[in-house]
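The report below describes how the two chains of this model meet, and then turns to salt bridges, one loop residue and a sheet.

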Amino acid sequence: MSTDVAIVGIGIHPFGRTEGVSGRAQGAHAARQALGDAGVQWSDIQFTYGGSHSAGDADSLVSDLGLTGAPFINVHNGCGTGGSALISARSALLSGQYDLGMVVGFDKHPRGAFATKPSSLGIGDWYGETGMMVTTQFFAQKIGRYMEQYGIGEETLAAVAEKSFSLGAANPNAWRRSPKTRQEILDAPMVNHPLTQYMFCSPGEGGVALVLARGEVAHRYTANPIYLRSAEFRSRRFGSFEVFSPWTTPEILSGPTGDASAAAFTSAGIGPEDIDVAQIQDTESGAEIMHMAETGLCAHGEQEKLILTGETRPDGSLPVNTDGGVIANGEPIGATGLRQVFESVLQLRGDAGDRQVPGNPKTGFTHVYGAPGISACTVLSR
Amino acid sequence: MSTTIRWVDPALVIDPAAGGPVELAGARCPVCATTAFPFQGGCPRCGGEAMERVALPTTGSLWSYTVQNFEPKPPYRGVEPFEPYGVGYVDLGDVCVESRLTVNDPAALSLGMAMRLVTITAFVDGDEPVLTFAFAPQEVAA
């Protein structure tokens with residue numbers, strides 16, 4: 001048994017569109033960079049959990065990285081792929097079975113919104129044929145209700161995306177690297193009322209890898225281990241309002257984001273008020289707003305003031321999505337949750353450059369939400 | 001001309017052959033009274049296996065809405081040429097049902113407005129219209 005797990009190496013392939021480079025190659029690039037960061041060889045890695053949604057089997061990376069015979073377990077769990085791989089690796093290290101392992105995620109999606117078959121979720125074909133199998137409709141309806149309930153205006157939606165593009169411009173690994181004004185964002189084509197094109201993320205490409213060590217041996221690999229204090233995954237309970245739901249309950253009774261974040265904080269022994277920098281699911285501007293409160297980082301209804309006064313920027317009191325989030329990075333499913341952890345490690349090491357949170361942040365939080373109603377959260381600290 | 005009525009999925013409605021007003025076919029759990037749509041065999045709340053097929057109310061209030069401004073990828077099959085369409089959840093009391101809306105102007109929609117069940121053509125297969133359900137704003141009595 002071990003009591004701690006530390007991240008001792010991190011690697012990334014820049015997100016966005018990289019013509020001519022496969023998703024697998026982006027995963028291998030990230031893996032090699034993470035090995036170099038930890039100062040170890042692939043042959044030192046005792047096990048790997050990895051995943052990709054649409055860029056091939058992750059375990060085929062061994063033919064590029066080296067055929068060492070170590071176990072490589074594929075994780076295929078939608079938007080929760082990275083989080084699930086991380087939870088599995090953490091458990092393997094906490095059990096004491098291993099000292100050193102890797103988690104890797106990569107993807108490469110075609111352009112445009114994700115196309116999902118209703119039957120893969122147990123829903124009849126009619127749902128897709130009549131035009132309701134569209135993720136963006138869900139986010140638009142959820143934020144529309146929320147904006148009315150808490151008196152949040154459209155300028156706040158634009159302010160979230162403005163921050164994402166501005167931080168993407170400061171992040172050399174981001175896809176969207178040009179700032180946009182609030183007016184440009186509001187004037188972009190409407191996708192689903194009240195959300196315009198620039199308020200949404202797009203499916204994209206990228207890869208991230210992490211080298212993890214049992215806490216007791218972490219200092220062998222790095223002078224700056226970042227500890228993974230907790231990693232929790234939850235599926236939806238009855239009464240949550242979720243994407244791809246032909247019906248829901250008139251009253252929202254629960255949600256996987258609230259459940260997973262509460263579990264992550266309990267397991268880590270600290271609360272949301274103790275978090276110095278947070279990366280939360282921002283599939284669109286409204287998701288960032290709602291998830292700020294669902295995760296407990298602020299109260300429902302407080303977001304508009306925090307956002308419009310700049311408190312969610314890196315130099316504010318509640319820095320959120322400091323790498324530009326998925327709005328600026330795109331969403332390669334297999335890599336997206338690990339990108340949040342990568343950014344958290346950079347921030348806690350003090351290596352985040354122009355977007356560094358000042359004052360030597362000590363604690364980080366990450367949150368993924370996805371279909372068909374899952375959430376994965378982590379708490380990290382120096 | 002054929003008088004056969006073809007539904008996108010006949011299981012969505014109580015009587016798919018009826019030419020007049022339709023009712024949606026939901027599932028109600030006799031143990032915990034949870035209502036779901038469309039019909040499903042297991043109860044999502046208590047795990048009961050004896051869901052009963054029930055007719056859902058044909059009027060309710062608008063719980064959420066948006067407008068689909070771009071043409072979705074397949075399996076979407078729409079009427080050509082594409083026109084933006086409204087989508088929303090309608091609160092029918094025991095359950096909110098997601099539905100196409102007959103209105104595609106967000107300014108003409110508001111949360112809580114009274115809605116009623118209607119039938120629309122989802123798409124045309126050959127020259128045969130294929131029907132689905134939708135909700136329309138209740139006409140205000142003159």
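The contact between the chains, where contact means heavy atoms within 4.5 Å, takes 35 residues from chain A and 44 residues from chain B. This is a predicted model, in which local features need pLDDT of at least 70, side-chain atom pairs count only at pLDDT 80 or more, and totals for chains, interfaces and linings use all residues. Residues are numbered from 1 along each chain as its sequence is written, chains are lettered from A and ligands numbered from 1 in the order in which they are written, and side-chain values use heavy atoms, with hydrogens and water left out.

The size of an interface is often given as the accessible area lost when the parts come together. Here the area buried between chain A and chain B is about 3,200 Å², and carbon and sulfur atoms give 61% of that area; buried area is the accessible area (1.4 Å probe) that two parts lose on being put together, summed over both. Across the interface of chain A and chain B there are 18 residue pairs in polar contact, with both residues at pLDDT 80 or more. A polar contact is a pair of N or O atoms within 3.5 Å; within protein, one must be able to donate a hydrogen and the other to accept it, and residues adjacent in sequence count only if both atoms are side-chain atoms.

On the side of chain A that touches chain B, the elements that give two or more residues are helix H4 (125-129), helix H5 (135-150), strand S5 (190-192) and strand S9 (247-248) of chain A. Helices (H or I, at least four residues) and strands (E, at least two) are DSSP runs, numbered from the N terminus. With six residues, H5(A) gives the most to this side of chain A. The residues of the side of chain A that touches chain B comprise 17 nonpolar, 13 polar and five charged, where Ala, Val, Leu, Ile, Met, Phe, Trp, Tyr, Cys and Pro count as nonpolar, Asp, Glu, Lys and Arg as charged, and the others, Gly among them, as polar.

Strand pairing also crosses between the chains: S9(A) is joined by two bridges to strand S6 (residues 96-101) of chain B, and the two run antiparallel. Two strands pair if DSSP finds at least two bridges between them. In this pairing Trp247(A) stands opposite Val97(B) in S6(B).

How many salt bridges are counted between chain A and chain B? The count is zero, although the structure holds 20 salt bridges over all chains. A salt bridge is a side-chain nitrogen of Lys or Arg within 4 Å of a carboxyl oxygen of Asp or Glu. Three of those in chain A are set out here.

| Arginine | Acidic partner | N to O distance |
|---|---|---|
| Arg17(A) | Glu205(A) | 3.3 Å |
| Arg214(A) | Asp99(A) | 2.7 Å |
| Arg355(A) | Glu343(A) | 2.7 Å |

Arg17(A) lies in the loop between strand S1 (5-16) and helix H1 (23-38) of chain A and Glu205(A) in strand S7 (residues 205-214) of chain A, so the salt bridge of this pair ties together parts that are 188 residues apart in sequence. Arg17(A) is partly exposed at 22% relative accessible area, whereas Glu205(A) is buried at 3%; buried means under 20% relative accessible area, exposed over 50%, and partly exposed in between (1.4 Å probe, protein chains only). For the second pair, Arg214(A) is buried at 17% relative accessible area, while Asp99(A) is partly exposed at 21%. In the third pair both partners are buried, Arg355(A) at 4% relative accessibility and Glu343(A) at 1%. In chain B, a network of salt bridges links Arg6(B), Arg77(B), Asp125(B) and Glu128(B).

Thr312(A) is found in the loop between helix H10 (303-308) and helix H11 (325-329) of chain A, and with 1% relative accessibility Thr312(A) counts as buried. Leaving aside residues up to four places away in sequence, Thr312(A) touches Lys163(A), Met292(A), Leu306(A), Ile307(A), Leu318(A), Pro319(A) and Val320(A).

Chain B has an open sheet of three strands in the order S2-S1-S3, with antiparallel pairing. The edge strands are S2 and S3 of chain B, each of which pairs on one side only. Four bridges join strand S1 (residues 25-28) to strand S3 (residues 52-55) of chain B, and Ala27(B) stands opposite Arg53(B) in S3(B). S1(B) is joined by two bridges to strand S2 (residues 35-36) of chain B, where Arg28(B) stands opposite Thr35(B). S1(B) and S2(B) form a hairpin with six residues between them, and Ala33(B) in the turn has a positive phi of about 70°.
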